[in-house]
Amino acid sequence: LDHPDAFGAYARLLRELLAGRTVVVADLGCHRAAVAAGLSVKHLIELAPLPGTEAVFHACDGPRLDGAAVPGALNCCGARAPLSHQHPTIAAEVAVGAAERLGGTACRTADARCAAALRRAGAQITDPVTALLERG
């Protein structure tokens with residue numbers, strides 16, 4: 001989606017390779033791209049609800065979790081493209097700022113990419129992929 005000139009060819013290839021299948025994704029960027037490509041897509045959170053009662057860090061867009069949002073949290077973790085691709089240093093600074101605003105509060109999010117960025121910045125956060133891996 002960041003490169004509209006190339007996306008059409010990429011979307012056609014994806015439709016050919018994945019015809020008749022449902023794509024399961026764990027981050028909202030992949031979800032947006034799969035929908036834009038015309039694929040049948042489900043977010044992992046629809047298939048494996050994220051357990052817990054921790055506060056919720058809502059990512060920029062996409063599925064929302066039930067529960068109270070983290071007070072004062074900015075809904076940007078810096079992981080979303082094009083920021084993370086074209087300005088990774090700034091994206092990391094945004095993640096550090098978001099992690100600091102969380103103040104050590106354990107929380108959860110529906111977006112695995114967002115969670116990874118926040119964990120690298122020191123946040124205690126769970127996402128659907130991490131939750132499944134921890135279940136074993």
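Q: How many of the residues in the chain are buried, as a share of the 136 residues?
A: In this predicted model, buried residues make up 38% of the 136 residues in the chain. A residue is called buried when its relative accessible area is under 20%.

Q: How is the chain built, in helices and strands?
A: The chain has seven helices and five strands. Read along the sequence, they follow the pattern α-β-α-β-α-β-α-α-β-α-β-α.

Q: Why is aspartate 27 called buried?
A: The relative accessibility of aspartate 27 is 12%. The cut-off for buried is under 20%, so aspartate 27 counts as buried. Aspartate 27 lies in the loop between E1 and H2.

Q: What makes the link between the side chains of aspartate 27 and arginine 113 a polar contact?
A: The side chains of aspartate 27 and arginine 113 are joined at 2.8 Å. A polar contact needs a pair of N or O atoms within 3.5 Å, one able to donate a hydrogen and the other to accept it. The pair is listed as a polar contact, and its distance fits that limit.

Q: Which backbone nitrogens does the side chain of aspartate 27 reach?
A: One is that of glycine 29, at the start of helix H2 (residues 28-36), where a side-chain oxygen of aspartate 27 comes to within 2.9 Å. Another is that of cysteine 30, reached at 2.9 Å. After H2 comes glycine 38, with a positive phi near 80°.

Q: How do you know that strands E1 and E2 pair?
A: Two strands pair if at least two bridges are found between them. Strand E1 (residues 22-25) and E2 have four bridges, so the condition is met. The sense of the pairing is parallel. Within it, valine 23 has valine 41 of E2 as its bridge partner, and valine 24 stands opposite lysine 42 in E2.

Q: Which side chains of E1 are buried, and which are not?
A: The side chains alternate along E1. Val23 and Val25 point to one face and are buried, while Thr22 and Val24 point to the other and are not. Strand E2 (residues 40-43) also has two faces: Val41 and His43 are on the covered one, Ser40 and Lys42 on the uncovered one.

Q: What makes a set of residues a nonpolar core, and which residues have the most contacts inside the largest one?
A: The members must be buried, must belong to a set list of nonpolar types, and must be joined through side-chain atoms within 4.5 Å. The largest nonpolar core has 13 residues, and those with the most contacts inside it are Cys77, Leu118, Ala123 and Ile125. H5 and H6 each supply at least two residues of this core. A second, separate core has nine residues, including Phe7, Val23, Ala37 and Val41. In soluble globular proteins, nonpolar side chains tend to be buried together.

Q: Why does alanine 112 count as buried?
A: Alanine 112 has a relative accessibility of 16%. Buried means under 20%, so alanine 112 counts as buried. Alanine 112 is in helix H6. The C-alpha atoms of alanine 112 and valine 25 are separated by 9.2 Å, though the two residues are 87 residues apart along the chain.

Q: Why is glycine 78 called buried?
A: Its relative accessibility is 3%. That value is under the 20% cut-off, so glycine 78 counts as buried. Glycine 78 is in the loop between strand E3 (55-56) and helix H4 (83-86). From glycine 78 to isoleucine 90 there are 12 residues in sequence and 7.7 Å in space, C-alpha to C-alpha.

Q: Why does threonine 130 count as buried?
A: With a relative accessibility of 17%, threonine 130 falls under the 20% limit and so counts as buried. Threonine 130 is in helix H7 (residues 128-135). Its side chain makes a polar contact of 2.6 Å with the side chain of aspartate 127.

Q: What makes up the lining of the second largest pocket?
A: By class, the lining has nine nonpolar, two polar and two charged residues. The pocket holds about 150 Å³ of space. Of the 13 lining residues, the closest to the centre are Ala91, Ala92, Ala95, Ala117 and Arg120. Helix H5 (88-102) and helix H6 (112-120) each supply at least two lining residues, and H5 gives the most, with five.

Notes
Residues are numbered from 1 along each chain as its sequence is written. This is a predicted model: local features need pLDDT of at least 70, side-chain atom pairs count only at pLDDT 80 or more; totals for chains, interfaces and linings use all residues. Side-chain values use heavy atoms; hydrogens and water are left out. Buried means under 20% relative accessible area, exposed over 50%, partly exposed in between (1.4 Å probe, protein chains only). On a 1 Å grid over the protein atoms alone, a cavity is a set of points where a 1.4 Å probe fits but cannot get out, and a pocket is an open set with protein on both sides within 12 Å along at least five of seven lines; lining residues have an atom within 4 Å of a point. Grid points are joined across faces, edges and corners, and a volume is the space filled by probe spheres set on the points. Ala, Val, Leu, Ile, Met, Phe, Trp, Tyr, Cys and Pro count as nonpolar, Asp, Glu, Lys and Arg as charged, and the others, Gly among them, as polar.
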